[in-house]
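Q: I would like to learn how to read a chain contact and a strand pairing from a model. Where do we start?

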Amino acid sequence: MPDTPPGTRPDHGPWTGAAGRLTGLGVSQGRVAGPVVRMAGPPRLPAPRAVADPGAEAATVVKALGELAADLARRATSAQGEAAEILEALAMIADDPLLREEAEGKATGGLDAAHALDAAFAHHRDALAALGGYLAERAADLDDLKHRAVAFALGLPMPGLPSPGHPYVLVAEDLSPADTAGLGDDVLALITERGGPTSHTAILARGRGLPAVVACPEIAGVPDGTIVGVDGTTGEIAVGLSAEEAAEVRERDRAEKARLAASHGPGRTADGHPVKLLLNIGSAADLRPGAEGVGLFRTEFLFLDRTQAPSFEEQVAAYTEVFRQAETVIVRTLDAGTDKPLPFLGLPEETNPALGVRGLRVDRLLPEVLETQLDAIAEAARATGAQAWVMAPMVTTMGEASGFARRARAKGVTRVGVMVEVPAAALRARRLLQELDFLSIGTNDLAQYTFAADRQHSALADLLDPRQPALLELIAMCAEAGREAGKPVGVCGEAAGDPLLAPLLVGLGVTSLSMAPVCVPAVREALAGLTLAECRERARVALD
Amino acid sequence: MAHRTVAVASASGLHARPAKLFVQEAVRLGVPVTVRLGEKAVPAKSMLGVLSLGAVQGTEVTLEADGPGAEEALDALVSLLSRDLDAEEALDA
């Protein structure tokens, strides 16, 4: 199994076409196939021309922005939900008085209308990009508006979505919110050259259940009309399928969707061995029906942008909201550090943040943060009568684990555990479970620390493949310790939500799998198709 | 010159939907209002200006206005900023 190239599906044969295979970042699940159609590019800005009548240029600028705003507002009224909200916000930017004054000023100063618009948008774009984070991603919105405004000013056709008259796989350099909001039912999947997991393409594709692959620069070389297969889970694109192959992929996709839509109930293998299927959430808004509780409540997501520490009351309210809606919840205490900064912590910069003060280690510098959080969790649990399990991230030694357990129990928390993300903790799993009630294995970090390979490093992806025997052996050690102690040992992290890996983890002895809500049906069905003995056999082969 | 200082209550800060609602309200009120954060001052009816403040949840901003209707306009905008507009969205859904 470890020799199989990542992402191939042995049951369906390798995911590749006559012209080979491309790889990007899979950001929205599903597999479909169809012909590629590329989106019309932005208008080319001609060389600046000498202006005879600056007043006329300024008038053209105002007219172009007005038409752009009107066009967006019109599209907002025919769109719905999130798409409508986004279009409305874009219309307000096109209508922005600062932008208009600036572009008008540049035209009055002697630039032609197209260049005046280009310069004014560029200025605001750079200002947003410089702020970083969320606003830097919005900079792409301004580029898109700029292209449309310039096209209006030059009288060129609007850049935007093609309508070839048949279902197609949409390919673009990147997709703006204005593009994705207008996507029709004829779009089968999205492939972009740029973009990341938090780009609009990714968010809207997931919302609509469209398979999507981003960050795939090689797709630029694939001509229009080529039939490709898109796997939005693995990020793989099979190039050059025949029409028959494409029809087969689409048929399988339909059958798969029907099968998953019918999936329900608790997680169990074909022979009835129970495996709890839990959710990874960042707040109550992420909760979905169909799972058996929350396996990872990432509390830091509530406070990401904060410059002041969240108060006790605020935390009680946030936790109560989740506890009211889910039967059992595993709360992870703040997992922040110099690699995932929470501004209110004010931690100093480090030269090697992955190996620095993060997770529970923050408690060495700021003990009051954990004190307040444990108080708030205990209070919310008392108020709701919920079963709150609490675990600490990035625990390395028995000393850290027992110190955390003592403090949590003193606050009235009845179930205390830790995340296993560091090999040192996995090696001592048996000892840890003498004082703790459960373990939860974070496979992403455990792989990073076991193979000494940065999680974000695109050139080391093979070292982070969770099917490697060394990682599986550490997981098996934890599961075995759990079995001996009669205590739960779960996996949260990407591996738990992968329908190919989930049976393997169960075969290793893991008792629960925690994943993004969208992954639950496929994992449930994968487990239901195998007996426990078959899962164990997969684990045995993988460990070999 | 009337002015009020208020902490942004929305979870996503003065971005995205909360920014949109704020600017829409400022446009609707029709009274020129300035939003000040430290050295930066932008018109409340400018979406780009408001976004460029980079205000997150808990950031304190000062609203200023002059002339007839200034007090009422400031009251309306302050009351909008002191609500968690993201949470209200969740309730709507």
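A: We take the contact between the chains, then chain B, then one strand of chain A; the model is predicted.

Q: How many residues does each chain bring to the contact?

A: The size of an interface is often given as the accessible area lost when the parts come together. Here we count residues in contact instead: chain A supplies 21 residues and chain B 19 residues. On the chain A side, two or more residues come from each of helix H2 (81-94), helix H3 (97-108), helix H4 (113-131) and helix H5 (133-154). H2(A) gives the most, with five residues.

Q: How do the residues on that side of chain A divide into nonpolar, polar and charged?

A: On the side of chain A that touches chain B, 12 are nonpolar, three polar and six charged.

Q: What pattern does chain B follow along the sequence?

A: Chain B has four helices and four strands, in the order β-α-β-β-α-β-α-α. Of its 93 residues, 41% count as buried. Among contacts in chain B between residues at least 6 apart in sequence, 72% link residues at least 24 apart.

Q: Which residues of strand E8 of chain A point one way, and which the other?

A: In E8(A) (residues 236-239), A:Glu236 and A:Ala238 point one way, A:Ile237 and A:Val239 the other, and all are buried.

Q: What stands opposite A:Ala238 in the pairings of E8(A)?

A: Strand E1 (residues 21-23) of chain A pairs antiparallel with E8(A) over three bridges, and A:Arg21 stands opposite A:Ala238. Strand E7 (residues 227-231) of chain A also runs antiparallel to E8(A), joined by four bridges, with A:Gly229 as a bridge partner of A:Ala238. E7(A) and E8(A) form a hairpin with four residues between them, and A:Gly235 in the turn has a positive phi of about 80 degrees.

Notes
Residues are numbered from 1 along each chain as its sequence is written. Chains are lettered from A and ligands numbered from 1 in the order in which they are written. This is a predicted model: local features need pLDDT of at least 70, side-chain atom pairs count only at pLDDT 80 or more; totals for chains, interfaces and linings use all residues. Two residues are in contact if their C-beta atoms, placed from the backbone, lie within 7 Å. Ala, Val, Leu, Ile, Met, Phe, Trp, Tyr, Cys and Pro count as nonpolar, Asp, Glu, Lys and Arg as charged, and the others, Gly among them, as polar. A residue is buried if 20 or more other C-beta atoms lie within 10 Å of its own, exposed if 12 or fewer, and partly exposed in between; C-beta atoms are placed from the backbone. Two strands pair if DSSP finds at least two bridges between them.
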